[in-house]
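The following note sets out points on the structure for your consideration. Please read the numbered paragraphs alongside the sequence and the coordinates.

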Amino acid sequence: MAAVLPLSDLKHQVRPDAWVNSIIKGDCVAALEALPDHSVDAIFADPPYNLQLGGTLHRPDHSVVDAVDDEWDQFASFEMYDAFTRAWLLACRRVLKPAGTIWVIGSYHNIFRVGAIMQDLNFWLLNDIVWRKVNPMPNFKGRRFQNAHETMIWASRDAKAKGYTFNYDALKASNDDVQMRSDWLFPICSGGERLKGEDGKKVHPTQKPEALLARVIMASTKPGDVILDPFFGSGTTGAVAKRLGRNFVGIEREQNYIDAASARIEAVEPLGKAELTVMTGKKAEPRVAFNVLIEAGLLKPGQVLTDARRRYSAIIRADGTLASGGDAGSIHRLGAKVQGFDACNGWTFWHFDDGQSLRPIDELRVVIRNDLAKLD
């Protein structure tokens, strides 16, 4: 079974990180307040929808719809729901790392209220994602459009947050080399994935499909990151996080959900390192300035660089600039100048002679990046 940590034990842990990969039993706000500042890399929140159901819902054949009518989804007023939303979002903002991001999913009943409160609390909205359901529940009364989607808000901690994770290149490659759009098509959770109790009824009324969580996690986290789910429910976030090599922490107050989630997570087999390696592009690589190559001794002041066909040449100066004739500048600016162009990628234009052949100076930048990777 996955570790279950009573809220009363959270403040008296032997290890400060004992809450990682555990399910904390208790109220979400109280549990969040017991976690360290800036301790999680990402948050996925599926808060109560506050559906405001007006009574029992029946199908045309008069059978009863198994709707969300649990006590945890009921609030006496919009004001009470807003106060609850503000409290858990404030607590989430405190535990989120400066470069972390938060996802919140909801329906038309609550997502607009949640989004407004997020902006009031200075979260910076990055995207709204529409999860379009392949197999949505019909509108049985025929008085409204069929509700076929839910909305996810993806936000950073504030407008100044830099360096948040977005695996753009991996998402694009997995989408037939086309940018991943903000409308996602997935079926609702059903079949063998849907957790059911001994009575054959759903364990949780709003269990999310693993495919949806997998895309969220693959888009905005890295292997080893800690993902928080303050409304853990049936444990989809924890199960997918474990399979994808991430850590998780869930908060849940209902024991029957905790039992189901714990058993579910225990049965998950994590993928291996090769399968979890995230594809990255040039933008994700650490920046290496030209002068770093000189400081590392890979190039030397006075050394001559040329283009691949030896039509142009330049001398490396001690300050990290290049000089050619009466002109001088950066590797990019001088490369453009000697060719009469407006722009030039100096890393691929300028070459050095290794005694056997000409090689682009970009190869030396790779050497530096590999050395930096060894230090991580």
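1. Helix H11 spans residues 331-339, and its buried residues are Ile331, Leu334, Gly335 and Ala336. The elements that cover these buried residues include two helices, H10 (290-295) and H12 (346-349), together with strands S11 (313-316), S12 (322-324) and S13 (327-329). After H11 comes Gly340, which has a positive phi near 80 degrees. It should be kept in mind here and below that this is a predicted model.

2. Nine strands form an open sheet with mixed pairing, in the order S1-S2-S9-S8-S3-S4-S6-S5-S7. Its edges are strand S1 (3-6) and strand S7 (183-186), each of which pairs on one side only. On average, and with direction ignored, neighbouring strands of the sheet are turned by 20 degrees against each other.

3. Within this sheet, strand S9 (residues 247-252) is mostly covered, with five of its six residues buried. Strand S2 (residues 22-25) runs parallel to S9 and is joined to it by four bridges; in this pairing Ile24 stands opposite Ile251 of S9. S9 also pairs with S8 in the parallel sense, over four bridges, and here Val249 of S9 is the bridge partner of Leu228.

4. Strand S8 (residues 226-229) is also joined to strand S3 (residues 40-45), by two bridges, and these strands run parallel. In this pairing, Ala42 has Ile227 of S8 as its bridge partner. Ala42 appears again in the next point, among the residues that Thr101 touches.

5. Is Thr101, a residue of strand S4, buried or exposed? Its relative accessibility is 1%, and because burial requires a value under 20%, Thr101 counts as buried. Leaving aside residues up to four places away in sequence, Thr101 touches Asp41, Ala42, Ile43, Leu96, Leu126, Trp154, Ala155, Ser156, Tyr164 and Ser220. Thr101 and Leu125 are separated by 24 residues in sequence, and their C-alpha atoms are 9.7 Å apart in space.

6. Helix H4 (residues 111-120) lies across three strands, namely S4 (96-106), S5 (124-133) and S6 (149-156), and runs at about 160 degrees to S4. H4 also packs with helix H3 (residues 78-95), at an angle of about 50 degrees and with the axes 10 Å apart. The two helices are therefore oblique to each other, and the crossing of H3 and H4 is right-handed. H3 contributes Phe78, Tyr81, Asp82, Thr85, Arg86 and Leu89 to the contact, and H4 contributes Arg113, Val114, Ile117 and Met118. By class, the residues of the contact of H3 with H4 are six nonpolar, one polar and three charged.

7. A further helix pair consists of H6 (residues 210-220) and H7 (residues 236-243), whose axes are 9 Å apart and which pack at an angle of about 55 degrees. H6 and H7 are therefore oblique to each other, and H6 passes H7 in a right-handed crossing. On the H6 side the contact is made by Glu210, Leu213, Ala214 and Ile217, and on the H7 side by Thr236, Thr237, Ala239, Val240, Ala241 and Arg243. The contact of H6 with H7 divides into six nonpolar, two polar and two charged residues.

Definitions and conventions: Residues numbered from 1 in each chain as written. Predicted model: local features only at pLDDT ≥ 70, side-chain atom pairs only at ≥ 80, totals over all residues. Heavy atoms only, no water. Pairing = 2+ DSSP bridges. Axes fitted to C-alpha atoms, helices over the stretch in contact; angles between N-to-C directions. Contact = heavy atoms within 4.5 Å. Buried < 20%, exposed > 50% of the residue type's maximum accessible area, 1.4 Å probe, protein only. Parallel < 35°, antiparallel > 145°, perpendicular 65-115°, else oblique. Left-handed = near helix turned anticlockwise from the far one by under 90°. Nonpolar A, V, L, I, M, F, W, Y, C, P; charged D, E, K, R; others polar.
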